[in-house]
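Biologist: I've got a fold to look at and a pile of questions. Mind walking me through it?

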Amino acid sequence: MIYEGNGNDILGTFNLSRECNGFGGDDALAPDSPGHPCFTHFGCPCDMNDNSPHECMPHTHMKAPQASRIPRTRPRVATRPNLSFLNPVFHERSQAEDDGVLSQQLWKLARKTGTLNLSNKGLARVPERIYDINEADADSQAANLEQLSIKEEDAWWNQVPLNNLDLSSNALTHISPKIENLQSLTVLILHDNALVTLPPEMAKLEKLVRLNLSHNKLSDLPRELYSLPELRHLNISYNEFSELDPDISDLHMLEFLDAGHNNIQIIPGGIGFLVRLTALLLPFNHIKELPPDLVSMRSLQKLDLMQNDLIYLPDDIGLLRKLQCLYIQHNDIKMLPDFEGSEELQELHASNNFIESVPKALCANLPHLKIFDLRDNKISILPDEICLLRNLHRLDVSNNSINTLPVTLSALAHLISLQVDGNPIKTIRRDILQCGTTRILKTLQERAQAKAREGGADNATAGAPGPDEALRLRGGQANEARNYPDNHRQQHYPCQCVQCRSHYQQQFQSSQQRFCNCPQCMYRQQQEASGYYRTVTNQYAQPDLAHYRTYNAYQNSSFASYQQQETDEQTDASLEVHPRWV
C-alpha cells in the first residue's frame, strides 16, 4: 500500500497495488534505516505489532525525514498490580482450625503459669482442649516415674490449675457448657465478641472473682450467674440490657459494677443490698430516677450517671458518706441537693443540665471538694458562700447567665482554674477576663480589700461581707499569703482578736501603723520601743508557741493582769529563750 499525492492534495490517495517490504527495488530502503519514509523519531510504526509481517507504507512523494537521536526501544508492558487483597474470600472456620490455635507451646505455658491468653486470634469456637487443661494429658499418664523425673517441669504434680482465661477480641457466639470443668478460674475475660447467651453452667465457677462481658450482644444473664459467691468485678457495658435483674443484689461480694452504654431504664430497688460496692457506673442509659435504697450503699466512692434522663437527685444522697466522685453530666436536673453528710466528695461534675442556682448549704457541706463543673447550665448568680469550698482547685461556670462574680472567690487559696467564658459578666472588663484565673482573682481581691477599708457597716450595706462575716465565710481562717500579691510572706496580725485583724487589713499597705488601741497592742508597742521584741524589716511573723497561747489566754483579761503575767515571765530564770518575733 503506497501513498500517492501531490503538494496540493492534502489527503492524497493510497495505491494498494504497491507494497513496501523494505528490501525490493533499487530505491527501496530498509524499514529501520533513517532514510526510510516510515521511520520517524518515534521509531518505525511497523515495530508496534510484533505479530504482523514487516510491512510499511513508504510515502514516495514525500521527503524522507532525518535520522532520530532517540534510540529505538520496545514499549514496556505495564504490570497489573495484585489487588486480590481487596476482595478477600471469607470462610467459616472449622473446629479443627480453632483447635490448632492452641499450640503445644501455649498449652505447656498455660499448665505452668495458670494463665492462658487467646485474645485476638479470630476464634469462632473455643478450642476443645481448653476444657480439659486441668486434667493430666495422655503422655503424662503413660509415662512412668523415671521418665517424669527426667522432665520434672512437665510432670503432673507441677501443673498449675488454670485461673486466668482471656478469650477477648474474637468472634465467639456461644460458650460451651463444658466450661464448668474450669472450676479453678478466678478471671474470665470475654469482651469484644459476639456472645448472645451464656450457659447456666458458668454458675459452677465458684472461685470466679472477675468477669468481663463488655462489647457483646447480651440482653440478659442466666439467673444462676447471680449466685457466684466470690464475684467482685462485673462488667456488662456495651450490650443490649434493658434493665438490671433484681437478683443482682445476691452478689454480696460485688465491689465494681459497670453497666454503661446499654438501654437500661429502671434500676431495681434491691441494689441497695450491694453494701460492698465502691464503683457504680451507669452512663449512657435511659434512667429517669434512682431507687430510694441507693443511699444504703455506704461504701460507694464513685457514681457515674452521665448521659441519662434524670430530673432530680435524692435529697438524702448525702448519706453516701464515702462518695468521692459524682458524674451527672448531660441530664435534665434543675436543682442540686445540699449533700449534707458527703464531706468526702472531691469531684462534682454537673455540666449540661438545667441547674439554676447553687445552694448555699452545698458550699458549707463540701469542704473537700476539688473539682466543681457547672458549665452549660442556667445559673445566674454565685453565692458568697462559694468561698467555703476551701480546697477547690477547679471551678467551671462557662456558658451560664452569670453577670457578677463574688469577691469572696479571692479567698480560695487553692483555686488554680476559674472558667467563666460564655457569661454576660459586666462588672469585670473583657481584657481582664481573657487574661485568665490569676488576673481575675487579683481583680476580685483588690475589690475585696477596697470594700474592707470602707468599714464593716458600709460593707454590710453594700452587700459584701464585713470582717466578722468574712472570717465566718473563711471558716475562722485568715487569708493566706497568696491572696495578697504584694506580700510574699505569710502575714500574721499582732493580735488574734477580730478588731486587730480588721485594723491590720486596713493599714498594712496604706499606713505604717501596726497597733490598735486594745490593751494587748498597747503593751506590745511599749515592749517593742524598749527593745524587748526584735523586728525584722517592719514585718511581723509568728510568735513563739508559749507566748502565742499566752496572748490568746489573756485576750479578754485586763491590761494590768496581762502586764503582770509578762513581767513574771521575764524574771523567770528558767526561761532560756526570750519571746521574740522570728
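Biologist: Let's start with the overall wiring. Among contacts between residues at least 6 apart in sequence, what percentage join residues at least 24 apart?

Modeller: Bear in mind that this is a predicted model. The protein has 582 residues, and its secondary structure comes to 13 helices and 15 strands. Of the contacts between residues at least 6 apart, the share joining residues at least 24 apart is 39%.

Biologist: And what share of the residues counts as buried?

Modeller: The protein exposes about 32300 Å², with carbon and sulfur atoms supplying 50% of that area. Out of the 582 residues, the share that counts as buried is 42%.

Biologist: On to charges. Which residue forms a salt bridge with D98?

Modeller: Searching the whole structure turns up 10 salt bridges. In the one with D98, the closest N and O atoms are 3.8 Å apart, and the partner is R125.

Biologist: How many residues apart in sequence are the parts that this D98 and R125 pair ties together?

Modeller: D98 belongs to helix 1 (residues 95-101), while R125 is in the loop between strand 3 (115-117) and helix 3 (138-142). D98 is buried at a relative accessible area of 0%, whereas R125 is partly exposed at 25%. Because one partner is in that helix and the other in that loop, the pair ties together parts whose separation in sequence is 27 residues.

Biologist: K204 forms a salt bridge too; which residue is its partner?

Modeller: Here the closest N and O atoms are 3.0 Å apart. K204 is partly exposed, with a relative accessible area of 45%. The residue at the other end of the bridge is E180.

Biologist: Is E180 buried, partly exposed or exposed?

Modeller: The cut-off for buried is under 20% relative accessible area, and exposed means over 50%. E180 has 23% relative accessibility, so the residue counts as partly exposed.

Biologist: What about E255 and R232: how many residues apart in sequence are the parts they tie together?

Modeller: Their side chains meet in a salt bridge at 3.8 Å, N to O. E255 lies in the loop between strand 7 (233-235) and strand 8 (256-258), and R232 in the loop between strand 6 and strand 7. E255 is partly exposed at 33%, and R232 is partly exposed at 26%. Given those two loops, the pair ties together parts whose distance in sequence is 23 residues.

Biologist: Which residues do salt bridges with shared partners join into one network?

Modeller: Side chains of opposite charge can pair when their charged atoms come close. In this protein, salt bridges that share partners link up into one network. Its members are D373, R375, R394 and D396.

Biologist: Now rings. Which residue has its charged end over the ring of W107?

Modeller: The structure holds 0 aromatic pairs. W107 does have a charged end sitting over its ring, though, 4.1 Å from the ring centre. That charged end belongs to R129.

Biologist: W107 is in helix 2, right? Why do the buried residues there end up on the same side, and what arc do they cover?

Modeller: The buried residues of helix 2 (residues 104-113) are W107, A110 and R111. An α-helix has 3.6 residues a turn, so residues three or four places apart point the same way. On the other side of helix 2, Q105 and K112 are exposed. The buried ones sit on the same side because they cover an arc around the axis of only 95°.

Biologist: So which strand do those buried residues pack against?

Modeller: After helix 2 comes G114, with a positive phi near 80°. As for the packing partner of the buried residues of helix 2, that is strand 3.

Biologist: Last one, on backbone angles. What is the phi of F339, roughly?

Modeller: Most residues other than glycine have a negative phi. F339 is in the loop between strand 11 (325-327) and strand 12 (347-349), and F339 is buried at a relative accessible area of 0%. Although F339 is not a glycine, its phi is positive, at about 55°.

Technical notes
Residues are numbered from 1 along each chain as its sequence is written. This is a predicted model: local features need pLDDT of at least 70, side-chain atom pairs count only at pLDDT 80 or more; totals for chains, interfaces and linings use all residues. Side-chain values use heavy atoms; hydrogens and water are left out. A salt bridge is a side-chain nitrogen of Lys or Arg within 4 Å of a carboxyl oxygen of Asp or Glu. Helices (H or I, at least four residues) and strands (E, at least two) are DSSP runs, numbered from the N terminus. Buried means under 20% relative accessible area, exposed over 50%, partly exposed in between (1.4 Å probe, protein chains only). Rings of Phe, Tyr and Trp (its six-membered ring) pair if their centres lie within 6.5 Å; planes under 30 degrees apart count as stacked, over 60 as edge-to-face and the rest as tilted. A charge sits over a ring if NZ of Lys or CZ of Arg is within 6 Å of the ring centre and within 35 degrees of the ring normal. Contact means heavy atoms within 4.5 Å. Accessible areas come from the Shrake-Rupley method with a 1.4 Å probe; for residues, only the protein chains shown count as cover. The arc is that of the directions from the helix axis to the C-beta atoms.
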